[in-house]
Amino acid sequence: GEPDPSVEKPEPGSDVPRLFTWEEVGLHSGVSNSKQDRWLVIDRKVYDISQFYRQHPGGTRVLSHYSGQDATDAFRAFHKNEDLVKKYLRLLQIGELAPDQPSCEPTKNVSFPHNTPPPPPPPHLCM
């Protein structure tokens, strides 16, 4: 009744996506840190575009602009056929936002005085 050595247990965490906070994502804007690595967020998934942004068919500038923040809107606007880019997204994904994180980075949400109700959110973003 020996345990079968050929049945390997999956390594803990191999299947579980790494979870990130906006604070962590914001540190990877390619500007503030010495490593110059760049991350961005699309649909709550976190992508490391440090190398890819140089090869981006749409140019480096737009990716540099969104490094360290949410790029969902721009991504949808520029990639009408998401199937074409899905394979690249899979290769670049390093994790996703932690469940307790808002869908948009907190800096995007302008704070309002408490006595005025905040405006309704845009229909498709930040659910």
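Trainee: In this predicted model, which residue of β4 is the bridge partner of Val46?

Mentor: The partner of Val46 in β4 is Gly95, and a second bridge to that strand links Tyr47 with Gln93.

Trainee: What makes β3 and β4 a pair of strands?

Mentor: Two strands count as paired when at least two bridges are found between them; three bridges join β3 to β4, residues 93-97, so the condition is met. The two strands run antiparallel.

Trainee: Where else does Gly95 serve as a bridge partner?

Mentor: Gly95 of β4 is also the bridge partner of Arg18. Strand β1, residues 18-20, is joined to β4 by three bridges, and because at least two are needed, β1 and β4 pair as well, here in the parallel sense.

Trainee: How do you know that β2 and β3 pair, and in which sense do they do so?

Mentor: There are four bridges between β2 and β3, and since the requirement is at least two, they are a pair, with the strands in the antiparallel sense. One of the contributing residues is Val41, whose bridge partner in β3 is Val46. The hairpin of β2 and β3 has two residues between the strands, and Asp43 there takes a positive phi near 50°.

Trainee: Why is the pairing of the sheet called mixed?

Mentor: The four strands form an open sheet in the order β1-β4-β3-β2. β1 and β4 run parallel, whereas β3 and β4 run antiparallel and β2 and β3 pair in the antiparallel sense, and the pairing is accordingly described as mixed.

Trainee: What makes a strand of this sheet an edge strand, and which strands are they?

Mentor: The edge strands are β1 and β2, each of which pairs on one side only. Neighbouring strands of the sheet are turned by 40° against each other on average, with direction ignored. Helix α4 packs on the sheet, where it touches β2, β3 and β4, and its direction makes about 85° with that of β4.

Trainee: How do you know that Arg76 and Asp43 form a salt bridge?

Mentor: The cut-off is a side-chain nitrogen of Lys or Arg within 4 Å of a carboxyl oxygen of Asp or Glu; the closest N and O atoms of Arg76 and Asp43 are 2.5 Å apart, so the pair qualifies. Arg76 lies in helix α3, residues 72-78, and Asp43 in the loop between β2 and β3, so the bridge ties together parts that are 33 residues apart in sequence.

Trainee: Are Arg76 and Asp43 buried or exposed?

Mentor: Buried requires under 20% relative accessible area and exposed requires over 50%. Arg76, at 33%, falls between those limits and is therefore partly exposed, and Asp43, at 37%, is partly exposed for that reason too.

Trainee: How many salt bridges does a search of the whole structure find, and what makes Lys86 and Asp83 one of them?

Mentor: The search finds two. The side chains of Lys86 and Asp83 meet at 3.2 Å, N to O, and because the limit is 4 Å, they count as a salt bridge. Lys86 and Asp83 both lie in helix α4, residues 82-92, three residues apart, or about one turn of the helix. Lys86 is partly exposed with a relative accessible area of 39%, whereas Asp83, at 58%, passes the 50% limit and so counts as exposed.

Trainee: Why is Ser29 called buried?

Mentor: Ser29 has 14% relative accessibility, and because buried means under 20%, the term applies. Ser29 is found in the loop between α1 (22-26) and β2 (39-42), and, not counting residues up to four places away in sequence, Ser29 touches Asp37, Arg38, Ser67 and Gly68. Ser29 and Leu63 are 34 residues apart in sequence and 9.7 Å apart in space, C-alpha to C-alpha.

Trainee: What share of the 127 residues in the protein chain is buried?

Mentor: Buried residues make up 31% of them. The chain exposes about 9,300 Å², of which carbon and sulfur atoms supply 57%.

Note on methods:
Residues are numbered from 1 along each chain as its sequence is written. This is a predicted model: local features need pLDDT of at least 70, side-chain atom pairs count only at pLDDT 80 or more; totals for chains, interfaces and linings use all residues. Side-chain values use heavy atoms; hydrogens and water are left out. Buried means under 20% relative accessible area, exposed over 50%, partly exposed in between (1.4 Å probe, protein chains only). Accessible areas come from the Shrake-Rupley method with a 1.4 Å probe; for residues, only the protein chains shown count as cover. Contact means heavy atoms within 4.5 Å. Axes are lines fitted to C-alpha atoms, for helices over the stretch in contact, and angles run from 0 to 180 degrees between N-to-C directions.
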